[in-house]
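Reader: I am new to reading protein structures, and I would like to go through this one slowly, with a reason given for each answer.

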Amino acid sequence: MPTDHDYLLINARIATMASGYEPYGLINDGVIAVSNGKISWVGPASALPATYAGWNEQDIDGRLVTPGLIDCHTHIVFGGNRALEFEMRLNGASYEDIARAGGGIVSTVTATRKAGLEALTKEALTRLDALISEGVTCVEVKSGYGLDHDTELTMLRTARALATKRNVTIKTSFLGAHAVPAEFKGRADAYIDDICIPTLKAAHAQGLVDAVDGFCEGIAFTPDQIERVFLVAQKLGIPVKLHAEQLSNLGGTQLAARFNALSADHVEYATDADAQALAKAGSVAVILPGAFYTLHETQAPPIDSFRKHGVPMAIATDCNPGSSPLASILLTMNMACTLLGLTPEEALVGVTRNAASALGLADCGEIRKGLRADLAIWDVQSPAELSYRIGFNSLQSRISGGVQ
């Protein structure tokens, strides 16, 4: 007998996003059966088994249903903002001018260290709510603006706390190797040894880490320094991911591939050989058009190489106070298409199935029997409309874990 938590979504156009079914894995006049927070059946109404007779029906009037959207790369926990720096740049200030004035990542680190868990949670919830309002049901959240033992742990606790405030899945990434703090200027190796690695071990011991990330770049850390962090993660049994090849090619993508990373992110300067390495490792390339847009970049990720070698592509907001103050997954999809040449189907795959893979998740990202009932219902005629419109939110309702 069906329970109060069992129901059918009927009269639906379903973009299942199931692998191997194109375009979009679309089912017209479809039905989704939800039981105890999971999908128990999906298919055309004409094939609905008799066992579902008598279940509560919710007629969604021909609307489009997609998997709940997944933002697989964010920095939504931080203190303060950098709007003043944005204004300074527009008025002609250089990066050096801003840095001398105490700006850049230093200003965010200072503000984040001053804020406690309560303040960080309150600020992060405003950004999380913006994502939820656009159909997002799962968000990855990174540390990396504390750059000391206590604040990095506070950031991770804040991220965990978000899932107790909203009906959303939160995955955490330890990003202690994000930048060298001012007190360790010129001593990056000492920072890795004295702060980053011990804090990683402490965060793992407290159950705060789902993945380990790093920023492999000339302004951050070398591949050798990141490798030391990854080796610790490997010993702890934690998967890794990496900010790689955003501003130059230092070999970060190859490093990520050697460690079978969940993903390599940004990858604007990745090469065809890098794409081959990611394909062999089964890693996802996470494309971040918000940073590309904000920083006025001209070097685009090698999308054609990723396609040629079968590298799964995810896209994400990269929501952060400096290089991507973007909290709209729908605008991110549009940017991925208009700026970087993804198709609308690739964009939707990039915030569903491939985004789930970028987080190591096997229970969401598609509409398929046995997966978590994370769903988004849209007032659109075609899935392409989700990437086509600019500044327009067509979400009708959102279901997370079967709960509307």
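Reader: What is the order of the strands in the open sheet of 8 strands?

Author: The model shown here is a predicted one. Its open sheet has 8 strands with parallel pairing, and the twist averages 25 degrees from one strand to the next. Read across the sheet, the order is β6-β7-β8-β9-β10-β11-β12-β13.

Reader: Which strands stand at the edges of this sheet?

Author: A strand at the edge has a single partner strand, so one side of it is left without a neighbour in the sheet. The strands placed in this way are β6 (69-71) and β13 (313-315).

Reader: Which residue in β9 is the bridge partner of F174?

Author: Strand β8, residues 169-177, runs parallel to strand β9, residues 211-216, and 3 bridges join the two. In β9, the bridge partner of F174 is V212.

Reader: Is V351 buried or exposed?

Author: V351 lies in the loop between α13 (344-350) and α14 (353-358), and among the residues that it touches are G68, L69, I70 and I315. Although V351 and I70 are 281 residues apart in sequence, their C-alpha atoms are 5.1 Å apart in space. Because buried means under 20% relative accessible area, V351, with a value of 0%, counts as buried.

Reader: Which residues make the nonpolar surface patch of about 260 Å²?

Author: One member is L295, found in the loop between α10 (289-294) and α11 (303-309), and at 36% relative accessibility L295 counts as partly exposed. The patch is made by I219, L247 and L295.

How values were computed:
Residues numbered from 1 in each chain as written. Predicted model: local features only at pLDDT ≥ 70, side-chain atom pairs only at ≥ 80, totals over all residues. Heavy atoms only, no water. Patch = residues over 30% accessible without salt bridge, like charges linked within 9 Å, V, L, I, M, F, W, Y side chains within 5 Å. Areas by Shrake-Rupley, 256 points an atom, 1.4 Å probe, with all protein chains shown as cover. Salt bridge = Lys/Arg side-chain N within 4 Å of Asp/Glu carboxyl O. Helix = DSSP H or I, 4+ residues; strand = E, 2+ residues; numbered from the N terminus. Buried < 20%, exposed > 50% of the residue type's maximum accessible area, 1.4 Å probe, protein only. Contact = heavy atoms within 4.5 Å. Pairing = 2+ DSSP bridges. Axes fitted to C-alpha atoms, helices over the stretch in contact; angles between N-to-C directions. Lists of a residue's contacts leave out its neighbours within four places in sequence.
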